[in-house]
Amino acid sequence: MSLKVIGAGFGRTGTLSLKLALEQLGFGPCYHMLEVGQHPGHVALWRQAAAGQPVDWPTLFKNYQATVDWPSCNYWQAQLAAFPSAKVILSEREPEAWYASVMNTIYPSSVEFREKARQGDDPAASERSAMVYEVIWDGVFDGRMDDKAHVIDCYLAHNERVKRLLPVSKLLAFNPTDGWPPLCEFLGCPQPDRPFPSVNSTAQFKARISDASKSR
């Protein structure tokens, strides 16, 4: 199996909804941050990527047709080099809303997880926490998540770079609120007769984390 779709959009740009949409269109399974923990050894591979070391992308994605979200979106160029026939989707949202979503969901969750990992005795949890910081919070945003202007600048610079480097035929800049039409046209798929997936809102994210904490 080979990647047919590469997601270049940062987390909290509707990537989980996009994952579900791609799978409904036949581009599944689709890799997402939620998949990382399901594969022993993947955390180490993402830390390897963050350190600038080569990664065997065909092996990492051997059972996948698509990928979205962090950690993979940072390495879309290397993935496209490995899968040159793939198309790229850049999921986007309004920058202020994106930053607010990050700071209300995945960032505080990562901080809490890191503290628990430091206090516990679980090497796997410590390694996964280290990977998230190396790939995202330190790797992309220089550990300056409270500096709103800096973080938004990094977000916009990433998006502009993707658009600058790819021709229109290869790239879809996509807001999940646009729904099926642009996505299906770009991928050459018939449009499903069901609503476009809309999942993992800030409220849903917090509820899921709360439920997970209660079940521990």
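Select β1 and β4 together: in this predicted model the two strands run parallel and are joined by 3 bridges. Within that pairing, pick out Gly7, which stands opposite Ile89 in β4. Keep Ile89 selected and turn to the next pairing, where 4 bridges join β4 to β5, again in parallel, and where Ile89 stands opposite Leu172 in β5. Colouring β4 by accessibility shows that 4 of its 5 residues are buried, so the strand is largely enclosed by the rest of the structure.

Next, add β3 to the selection. Strand β1, residues 5-7, is joined to strand β3, residues 66-67, by 2 bridges, and these strands too run parallel. Here the residue to label is Ile6, whose bridge partner in β3 is Thr67.

With β2 displayed as well, the whole sheet can be read across: it is an open sheet of 5 strands, in the order β2-β3-β1-β4-β5, with parallel pairing. The edges are taken by β2, residues 30-31, and β5, residues 171-174; each has a single partner strand, so one side of each is left without a neighbour in the sheet. Now show helix α9, residues 148-165, which packs on the sheet and touches β4 (87-91) and β5, its direction making about 150 degrees with that of β4. Then show helix α10, residues 180-187, which lies across β1, β4 and β5 and runs at about 175 degrees to β5.

**From the sheet to a helix pair**

Leave α10 on display and select helix α1, residues 15-24. How many of the 10 residues of α1 are buried? The count is 7, so this helix is largely enclosed by the rest of the structure; the buried residues are Thr15, Leu16, Ser17, Leu18, Lys19, Ala21 and Leu22. Following α1 along the chain brings up Gly26, whose phi is positive, near 100 degrees.

Packed helices are described by the angle between their axes and by the distance between those axes. For α1 and α10 the angle is about 50 degrees and the axes are 12 Å apart; the two helices are therefore oblique to each other, and their crossing is right-handed. To see which side chains make the contact, select Leu18, Ala21, Leu22 and Gln24 of α1 along with Trp180, Leu183 and Leu187 of α10. Coloured by residue class, this contact of α1 with α10 divides into 6 nonpolar residues, 1 polar and no charged.

**Ser198, beside α1**

Staying with α1, centre the view on Ser17, and then add Ser198, which has its place in the loop between α10 and α11 (202-215). The two serines are 181 residues apart in sequence, yet their C-alpha atoms are 5.4 Å apart in space. Is Ser198 buried or exposed? Ser198 is exposed, with a relative accessible area of 64%, whereas Ser17 is among the buried residues of α1.

**Glu92, after β4**

Return to β4 and move on to Glu92, found in the loop between β4 and α6 (95-104). Glu92 has a relative accessible area of 18%, and since residues under 20% count as buried, Glu92 is buried. Which residues does Glu92 touch, not counting those up to four places away in sequence? They are Thr13, Tyr155, Asn159, Lys163, Ala173, Phe174, Asn175 and Pro176. A distance drawn from Glu92 to Ala8 gives 9.5 Å, C-alpha to C-alpha, for two residues 84 places apart in sequence.

**Glu35 and His42**

Two further stops complete the tour. Select Glu35 in helix α2, residues 33-36; Glu35 is buried, with a relative accessible area of 9%. Apart from residues up to four places away in sequence, Glu35 touches Lys19, Cys30 and Tyr64, and of these Lys19 has already appeared as one of the buried residues of α1.

Finally, select His42, which has its place in helix α3, residues 42-50. His42 is buried, with a relative accessible area of 9%. Setting aside neighbours within four places in sequence, display Tyr31, Val36 and Leu60 around His42, since these are the residues with which His42 is in contact.

Terms used. Residues are numbered from 1 along each chain as its sequence is written. This is a predicted model: local features need pLDDT of at least 70, side-chain atom pairs count only at pLDDT 80 or more; totals for chains, interfaces and linings use all residues. Side-chain values use heavy atoms; hydrogens and water are left out. Buried means under 20% relative accessible area, exposed over 50%, partly exposed in between (1.4 Å probe, protein chains only). Two strands pair if DSSP finds at least two bridges between them. Contact means heavy atoms within 4.5 Å. Axes are lines fitted to C-alpha atoms, for helices over the stretch in contact, and angles run from 0 to 180 degrees between N-to-C directions. Angles under 35 degrees count as roughly parallel, over 145 as roughly antiparallel, 65 to 115 as roughly perpendicular and the rest as oblique. A crossing is left-handed if the near helix is turned anticlockwise from the far one by less than a right angle, and right-handed if clockwise. Ala, Val, Leu, Ile, Met, Phe, Trp, Tyr, Cys and Pro count as nonpolar, Asp, Glu, Lys and Arg as charged, and the others, Gly among them, as polar.
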